[in-house]
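Here are my notes for a colleague who is coming to this entry without prior acquaintance. Please keep the sequence and the structure at hand while going through the points.

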Number of protein chains: 2
Amino acid sequence: MPIDQTSPIEVTALAWVPPFARGFVRDLRVRWALEEIGLSYRVRLIKGTGGMARGPARPENYLAEQPFGQVPVYREGALCLFESGAIVLHIGAKDERLLPRDEAGRSRAIAWMFAALNSIEPQTFTLTAVTIFFGGAPWSAEARTALTPMVAQRLAHLSAALGDKDWLEGRFTVGDLMMVDALRAIPDQALVVAHPNLADYLARGTARPAFQRAMAAQLANFIPDQTAA
Amino acid sequence: MPIDQTSPIEVTALAWVPPFARGFVRDLRVRWALEEIGLSYRVRLIKGTGGMARGPARPENYLAEQPFGQVPVYREGALCLFESGAIVLHIGAKDERLLPRDEAGRSRAIAWMFAALNSIEPQTFTLTAVTIFFGGAPWSAEARTALTPMVAQRLAHLSAALGDKDWLEGRFTVGDLMMVDALRAIPDQALVVAHPNLADYLARGTARPAFQRAMAAQLANFIPDQTAA
């Protein structure tokens with residue numbers, strides 16, 4: 001769906017981020033979920049903080065919407081939600097294409113969402129932190145060497161769980177949406193490519209038209225660099 | 001509720017862990033949620049891996065139950081669930097005392113669950129990793145110094161969001177259960193104590209009889225050190 005500024009659903013996104021973060025800001029997951037079920041949304045651009053701080057003035061009371069000052073915030077009528085996981089789960093509950101209706105299927109899809117966010121991302125986040133945020137620190141390379149086997153082991157387990165299935169529970173769910181998004185953010189993609197089935201899975205996920213539209217929309221929303229200062 | 005080995009609900013737990021991990025293994029969250037709503041459960045003790053590997057033989061096909069080989073796994077009839085977040089959400093859906101029934105209240109409680117797991121724990125997990133798992137590495141102290149301000153900032157935001165409320169949304173929910181569990185695992189508790197309202201919140205959470213029962217049950221289940229080798 002195109003972005004529609006008259007949509008009843010509003011998603012916040014960052015007005016500008018440095019090149020390395022483009023395509024990786026977490027509103028992408030929310031846009032992707034909405035695209036999968038054909039729901040339009042409007043975008044409210046928010047000035048970031050720290051190295052992301054360019055663009056229009058930051059809303060004065062944004063912490064009341066998002067306790068940690070991050071994006072995305074999701075609004076739909078009186079509902080105001082934060083945390084991309086909670087938002088994607090809320091969107092998933094709207095449509096069987098994202099979240100099966102039977103209890104077992106639903107619970108398993110949610111289990112994979114949590115697995116992406118809590119058994120894969122904390123490890124890969126740590127690796128991203130020492131690689132990117134602390135890449136200049138004298139201890140960065142050593143920390144990376146120590147952490148990499150932890151990530152590699154998790155990915156080996158994930159590869160075994162996926163096996164030769166297209167999606168983690170056979171059919172696409174919000175669990176796959178989160179897992180694909182977690183995998184593509186790993187700074188050293190060789191760790192993923194080491195498992196051909198995971199590499200195929202990642203390619204399958206990011207080839208989905210809904211992902212492509214979400215990605216294009218996030219990238220198109222950043223204000224141009226020359227006007228960003 | 002006492003553990004009841006005839007209960008229809010089964011939770012896996014580690015048979016033995018080193019002293020520093022006791023009380024922090026993630027079946028605690030699941031036990032706590034069950035205790036809050038008075039549901040009994042049976043325990044299946046699993047031999048851990050690595051430094052946790054003591055006790056009875058590990059089930060041969062445990063990875064089919066838990067893709068990353070961790071605890072807890074939750075069984076209830078035909079349902080087999082993994083990831084403590086997904087399990088606590090499943091238990092929460094059984095009872096209004098854990099998860100409000102109205103959509104807004106329900107979504108907000110879930111948002112705080114995800115906040116605990118994804119906006120607090122990844123930062124604190126990184127700090128735990130460099131403090132405990134890599135405490136002997138020459139770069140550990142420097143990494144800790146670099147990471148601590150990230151954790152401190154998140155806790156400052158959390159403190160502001162809590163304000164003078166007893167619980168994050170006024171009444172206790174699964175969001176508080178997860179947040180309290182995330183806060184108590186921070187290795188440097190001075191970071192929490194720096195915010196009197198967070199320190200009180202943590203004390204309020206861990207003083208709940210259901211938490212106390214869950215903790216006692218986890219500790220009681222570890223096989224004695226002298227028989228653990």
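1. How many residues of chain A are in contact with chain B, and how many of chain B with chain A? In this predicted model, 39 residues of chain A are in contact with 38 residues of chain B. On the side of chain A that touches chain B, the elements giving two or more residues are strand S4 (79-82), helix H3 (84-92), helix H4 (103-133) and helix H5 (140-162) of chain A. The most is given by H4(A), with 15 residues. By residue type, that side of chain A divides into 26 nonpolar, eight polar and five charged residues.

2. On the relation between the copies, chain A is superposed on chain B by a rotation of 180 degrees with 0.0 Å of shift along its axis, at an RMSD of 0.0 Å. The two copies are therefore related as by a two-fold rotation axis. The same surface serves both copies, given that 97% of the contact residues of chain A recur in chain B.

3. Turning to the single chain, chain A has nine helices and four strands, and along the sequence these follow the pattern β-α-β-α-β-β-α-α-α-α-α-α-α. Its C-alpha atoms fill a box of roughly 50 × 45 × 30 Å along the principal axes. A compact globule with 229 residues would have a radius of gyration near 17 Å, and the 18 Å of chain A agrees with this. Among contacts in chain A between residues at least 6 apart in sequence, 72% join residues at least 24 apart.

4. Burial deserves its own point, since buried residues make up 44% of the 229 residues in chain A. For H3(A), nine of the nine residues are buried, so this helix is largely enclosed by the rest of the structure; among them are Ile87(A), Leu89(A) and His90(A). The buried residues of H3(A) pack against helix H1 (27-36), strand S3 (73-76), S4, H4 and helix H6 (174-184) of chain A, and also against helix H4 (103-133) of chain B.

5. Finally, the nonpolar core. In soluble globular proteins, nonpolar side chains tend to be buried together. Here the largest nonpolar core holds 129 residues, of which Met113(A), Val174(A), Met113(B) and Val174(B) touch the most other members. Once its neighbours within four places in sequence are left aside, Met113(B) is in contact with Gly85(B), Leu89(B), Val174(B), Gly175(B) and Met178(B).

Note on methods: Residues are numbered from 1 along each chain as its sequence is written. Chains are lettered from A and ligands numbered from 1 in the order in which they are written. This is a predicted model: local features need pLDDT of at least 70, side-chain atom pairs count only at pLDDT 80 or more; totals for chains, interfaces and linings use all residues. Copies are superposed by least squares on the C-alpha atoms of residues with pLDDT of at least 70 in both. Two residues are in contact if their C-beta atoms, placed from the backbone, lie within 7 Å. A nonpolar core is a set of buried Ala, Val, Leu, Ile, Met, Phe, Trp, Tyr and Cys residues joined through C-beta atoms within 7 Å. A residue is buried if 20 or more other C-beta atoms lie within 10 Å of its own, exposed if 12 or fewer, and partly exposed in between; C-beta atoms are placed from the backbone. Ala, Val, Leu, Ile, Met, Phe, Trp, Tyr, Cys and Pro count as nonpolar, Asp, Glu, Lys and Arg as charged, and the others, Gly among them, as polar. The radius of gyration is taken over C-alpha atoms; the globule rule is 2.2 Å times the number of residues to the power 0.38.
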